[in-house]
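Opening the notebook on this one. I'll jot down what I look up as I go.

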Amino acid sequence: MQTEATDPLVLVVKRTGDVRIHTFVSSFAAGNIANATHIVETRNQLVLVDAQFLTPYARAFRDYADSLGKPIERLYLSHRHPDHWFGLGAAFSDVTAYALAETMGFIQDHGEASINDHWKLGDLVPDRIVVPKHAVSPGTETIDGVRYVFDLVTDTEIDFQLTIGLPELGVFFAQDLLYSGTHLYLTKHLDRWIRVLRGLLLSDYEVFLPGHGLPADKNEVARNVEYLSAARQAIAGGLADDAFKEFLLQRYPERRCPGIFDIYLPRLFGGASDY
Ligand SMILES: [Zn+2]
């Protein structure tokens, strides 16, 4: 794992009237996995999506949000993988955090253990967990003039994943349903994951914001479908572990952040856990 906070990227993805969408991406370098977190800036306030993984990036994301000069109304956590919520404890403990009830329960019950599992990262992970206190359910809500559509997607990259659509802006926060320009974190649920992405290809959304990598369009969603299909075929053909990794590295040399293989291979082929 890279031990310095190098090269985060910040960009304004879209501007429509009073609304600006911002994306902050941690480093693609070394063992980093280009965690992408986002801000919906409206006239009066900010809504954040995810909190970053390593403490230096969480603080840099917070600094960027604060530089916009508006209060953070709330932060939505997409799912329970630590690279999305460790940053809550590092830089957002004062912020009103929302998550799916399943995600809240997981962090409540297993958050401390997750932090302890990452002891090798030392000061790069926070020394305490923050459990989101507000549950979000599928449905629609208007916040500072922008309509949000919340949805729950089960059994893809994770068991419970929150997605957020802003239909009037054509913006969809896919988070870890989509890995943009990087290798994907694969699970046993490739068929279902592919079906969900095919659904997005038929949606009216145009901008797809991932949990890893740069803001994307439908071409990248389609490339994710292709990647998942190739992985599914390789597994069906008997490839596993290092041979599977080599296959994907050779087939997708342009994709970045190969560090993700070391995180998921023991789970996918060793049965360490489902997600
Ligand atoms: Zn992730």
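Before counting anything: I take helices (H or I, at least four residues) and strands (E, at least two) as DSSP runs, numbered from the N terminus. I also keep in mind that this is a predicted model.

**Domain.** I checked the UniProt record, an unreviewed entry, and it puts "domain: Metallo-beta-lactamase" at residues 34–212. Over that stretch I get 29% helix and 32% strand. The C-alpha atoms at the two ends of residues 34–212 sit 5 Å apart.

**Zinc ion.** Which protein atoms are the donors of the zinc ion? I find Asp-83 (OD), His-84 (NE2), Asp-176 (OD) and His-212 (NE2), at 2.1 to 2.3 Å from the ion. Along the chain these donors follow the spacing D-H-x91-D-x35-H. Asp-83 is in helix α2 (residues 82–91) and Asp-176 in strand β11 (residues 171–180), so I note a pair 93 residues apart that links distant parts of the chain. Both of these Asp residues, Asp-83 and Asp-176, are buried.

Then the geometry. The angles among the four donor atoms run from 86 to 170 degrees, and the site is irregular. I wanted to know why it isn't called tetrahedral: that label needs all angles between 85 and 135 degrees, and the range here goes up to 170.

**Cores.** Next I looked for nonpolar cores. The largest has 38 residues, and the ones with the most contacts inside it are Leu-186, Trp-193, Leu-197, Leu-228, Phe-244, Leu-248 and Tyr-264. At least two residues of this core come from each of β11, α4 (190–201), α5 (218–236), α6 (241–251) and α7 (259–270). α5 gives the largest share, seven residues.

I picked Leu-228 for a closer look. Leaving out residues up to four places away in sequence, Leu-228 touches Leu-184, Leu-186, Leu-190, Trp-193, Ile-194 and Leu-197. I also logged a second, separate core of 33 residues, with Leu-68, Leu-75, Met-104 and Val-125 among its members.

**Trp-193.** Is Trp-193 buried or exposed? Trp-193 counts as buried because its relative accessibility is 0%, and the cut-off for buried is under 20%. Trp-193 belongs to helix α4. Residues up to four places away in sequence aside, its contacts include Thr-156, Glu-157, Tyr-179, Leu-186 and Leu-228. Asp-176 is on that contact list too, and I already had Asp-176 down as a zinc donor. Last entry: from Trp-193 to Thr-154 I get 9.1 Å, C-alpha to C-alpha, with their positions 39 residues apart in sequence.

Key. Residues numbered from 1 in each chain as written. Predicted model: local features only at pLDDT ≥ 70, side-chain atom pairs only at ≥ 80, totals over all residues. Heavy atoms only, no water. Donors = N, O, S within 2.8 Å, 3.2 Å for Na, K, Ca; no water. Tetrahedral: all angles 85-135°; square planar, octahedral: opposite > 155°, others 65-115°. Buried < 20%, exposed > 50% of the residue type's maximum accessible area, 1.4 Å probe, protein only. UniProt positions renumbered as here; feature names shortened; annotations may be inferred. Core = buried A, V, L, I, M, F, W, Y, C linked by side-chain atoms within 4.5 Å. Contact = heavy atoms within 4.5 Å.
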